[in-house]
Amino acid sequence: MSAYVAAIDQGTTSTRCIVFDRQGQIVSLAQKEHQQIYPQPGWVEHDPDEIWRNTLEVIALARIKAGLSASDIAAIGITNQRETTVVWNRRTGKPYYNAIVWQDMRTAELVTQFAAHDELGQDRFRDKTGLPLATYFSGLKLKWLLDNVPGLREDAERGDACFGNMDTFVVWHLTGGVQNGLHLTDVTNASRTQLMNLHTLDWDDDLLRDFTVPRAMLPEIRCSSEVYGNVTSEVLPDVPIAGILGDQQAALVGQTCYEPGQAKNTYGTGCFLLMNTGTELRPSTCGLLTTVAYQFKGQPAHYALEGSVAITGALVQWLRDNLGMIKKSTDIEDLARSVEDNGGAYFVPAFSGLYAPHWRSDARGVIAGLTRFVTKAHIARAVLEATAYQTVDVVRAMEKDAGVSLRSLRVDGGMVGNALLMQFQSDMLDEPVVCPRMTETTALGAAYAAGLAVGYWKNLDDLRQNWGIARTYEPHMDEAQRARLMRGWQKAVERSFGWEE
């Protein structure tokens with residue numbers, strides 16, 4: 001048996017390759033950022049060819065750093081930024097257009113048109129897909145591409161054009177590309193397109209007709225953990241690709257949330273809170289998404305309730321890059337700690353509208369409650385607090401939908417290292433916030449899925465034994481202060497509504 005399992009983590013801002021051992025510890029890591037392209041306000045794109053080049057580079061670097069050969073790797077798993085949509089030519093391998101990123105807002109008019117056609121409005125497709133109509137998901141992005149890229153629809157109907165989220169694009173290239181590359185995805189990524197029926201776990205003909213998407217361009221839907229095929233590229237020749245999970249579902253698997261009611265929150269570019277609801281499909285009435293959590297081979301799919309927040313860590317980057325208030329992202333904690341509170345200021349980062357539980361594409365970012373007293377340190381604090389408030393909104397909606405109260409929150413992602421934020425999160429939730437020893441849970445989840453498929457790990461108990469706690473934050477805030485802060489937040493959120501006409 002080979003000694004290690006690798007994972008490709010194709011994220012919103014960078015691509016990484018991480019090699020793990022049997023204890024779920026990192027043996028080697030390589031990372032490379034890619035360009036963020038903003039052709040006009042509200043549009044966000046990536047260059048798929050740049051991401052593919054970076055993927056090859058980080059795989060090679062991770063191997064070289066640890067002095068590993070391909071035979072040392074038992075399997076490779078893939079996790080990816082979900083909903084980011086790419087179309088390419090099956091014969092040439094060339095993308096027809098840049099990848100349209102999940103944060104992109106260009107389909108806002110399509111959302112309005114689709115919602116107006118049915119008395120259910122934004123919930124027109126929710127029964128089948130678990131998702132509201134929103135700019136977030138892949139289906140409308142794909143429709144936009146088919147309607148706006150010359151020649152694409154004709155190629156798609158002929159079967160020459162391939163569609164996928166970034167997992168599909170990477171797998172196709174890794175398994176040979178134009179030389180018989182595998183065109184497939186897993187159930188978690190397919191569930192984010194708004195084209196898959198959650199009940200059948202297959203592409204839905206009625207949805208394809210409504211979105212005018214030719215079935216010939218869609219990938220085959222597979223389990224999240226099974227051997228799909230082998231890498232043909234020289235960076236990892238003959239290594240089986242055996243796991244695919246959308247990034248947030250991968251973090252749920254990496255956090256070993258395998259029991260109904262267990263939940264995790266990932267603090268990255270955005271925030272994504274998922275609660276495992278088991279094999280039961282639970283519709284949301286409180287503004288959450290119903291999605292596939294994972295499906296291991298030979299087992300029924302597990303579902304999850306999800307609350308998605310578009311802008312959290314990205315707000316810290318914005319403060320750094322657009323306003324120049326800090327030199328590096330980690331500087332925000334010291335700046336925020338230099339004051340005792342937010343000075344009455346609230347920051348609602350509705351740069352891409354508001355996601356769960358509001359689903360307001362007409363919302364835009366606001367800073368509210370400003371007085372002459374407020375300094376950049378108060379703004380820094382308000383930026384961090386916005387992440388915690390948005391998480392509270394999602395948790396309360398999730399508790400209503402699931403009919404259970406959260407007893408603690410498992411957290412991961414880049415912002416977990418910010419102790420001020422984690423303590424404030426615990427205070428505002430009035431519940432413990434639990435940080436695992438291994439914070440790279442997204443890549444770890446993809447590695448777990450791949451390792452299970454090839455027998456590197458025997459079962460879920462093997463994975464549970466790897467999980468350990470680094471730190472637990474306990475709430476200290478009194479109820480009156482908590483209620484006062486949340487009232488201010490709710491007022492600020494309401495001020496952000498209706499900005500975009």
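The following exercises, each with a worked solution, concern helix packing, sheet topology and backbone geometry in a predicted model.

**Exercise 1. Classify the mutual orientation of helices H1 and H6, and state which residues meet.**

Solution. Step 1: the axes of H1 (residues 48-66) and H6 (residues 166-174) come within 11 Å and cross at roughly 60°. Step 2: angles from 65 to 115 degrees count as roughly perpendicular and those under 35 degrees as roughly parallel, with the rest, between these and the antiparallel range, taken as oblique. H1 and H6 are therefore oblique to each other. Step 3: the handedness of this crossing of H1 and H6 is right-handed. Step 4: on the H1 side, Pro48, Asp49, Ile51, Trp52, Thr55 and Ile59 take part, and they meet Met166, Phe169, Val170, His173 and Leu174 of H6. Step 5: by class, the residues of this contact comprise eight nonpolar, two polar and one charged.

**Exercise 2. Carry out the analysis for helices H10 and H12, giving their orientation and the classes of the contact residues.**

Solution. Step 1: the axes of H10 (residues 313-321) and H12 (residues 376-402) come within 8 Å, crossing at roughly 160°. Step 2: since angles over 145 degrees count as roughly antiparallel, H10 is roughly antiparallel to H12. Step 3: H10 passes H12 in a right-handed crossing. Step 4: H10 contributes Leu315, Val316 and Leu319, while H12 contributes Ile379, Ala380, Val383, Leu384 and Ala386. Step 5: the contact of H10 with H12 has eight nonpolar residues, no polar and no charged ones.

**Exercise 3. Describe the six-stranded sheet and the helices that lie on it.**

Solution. Step 1: the six strands form an open sheet with mixed pairing, in the order S3-S2-S1-S5-S14-S13. Step 2: its edges are S3 (26-33) and S13 (225-230), each of which pairs on one side only. Step 3: neighbouring strands of this sheet are turned by 25° against each other on average, direction ignored. Step 4: within the sheet, S5 (residues 73-80) and S14 (residues 240-246) pair in the parallel sense over five bridges, and Asn80 stands opposite Gly246 in S14. Step 5: helix H9 (residues 247-254) lies across S5 and S14 and runs at about 105° to S14. Helix H14 (residues 441-453) also packs on the sheet, touching S1, S2, S5, S13 and S14, and its direction makes about 135° with that of S1.

**Exercise 4. Describe the seven-stranded sheet, including its edges and the pairing of S22 with S23.**

Solution. Step 1: the order of this open sheet is S17-S18-S16-S15-S21-S22-S23, and its pairing is mixed. Step 2: S17 (289-294) and S23 (469-473) are the edge strands. Step 3: the average turn between neighbouring strands is 30°, direction ignored. Step 4: S22 (residues 433-436) and S23 pair in the antiparallel sense over four bridges; Cys435 stands opposite Arg471 in S23.

**Exercise 5. Locate the cis peptide bond and the positive phi of a non-glycine residue.**

Solution. Step 1: most residues other than glycine have a negative phi, and most peptide bonds are trans. Step 2: the bond from Ala356 to Pro357 is cis, with omega near -5°. Pro357 is placed in the loop between S19 (346-348) and S20 (366-368). Step 3: Asn180, although not a glycine, has a positive phi of about 65°. Asn180 lies in the loop between H6 and S9 (184-186).

Definitions and conventions
Residues numbered from 1 in each chain as written. Predicted model: local features only at pLDDT ≥ 70, side-chain atom pairs only at ≥ 80, totals over all residues. Heavy atoms only, no water. Axes fitted to C-alpha atoms, helices over the stretch in contact; angles between N-to-C directions. Helix = DSSP H or I, 4+ residues; strand = E, 2+ residues; numbered from the N terminus. Left-handed = near helix turned anticlockwise from the far one by under 90°. Contact = heavy atoms within 4.5 Å. Nonpolar A, V, L, I, M, F, W, Y, C, P; charged D, E, K, R; others polar. Pairing = 2+ DSSP bridges.
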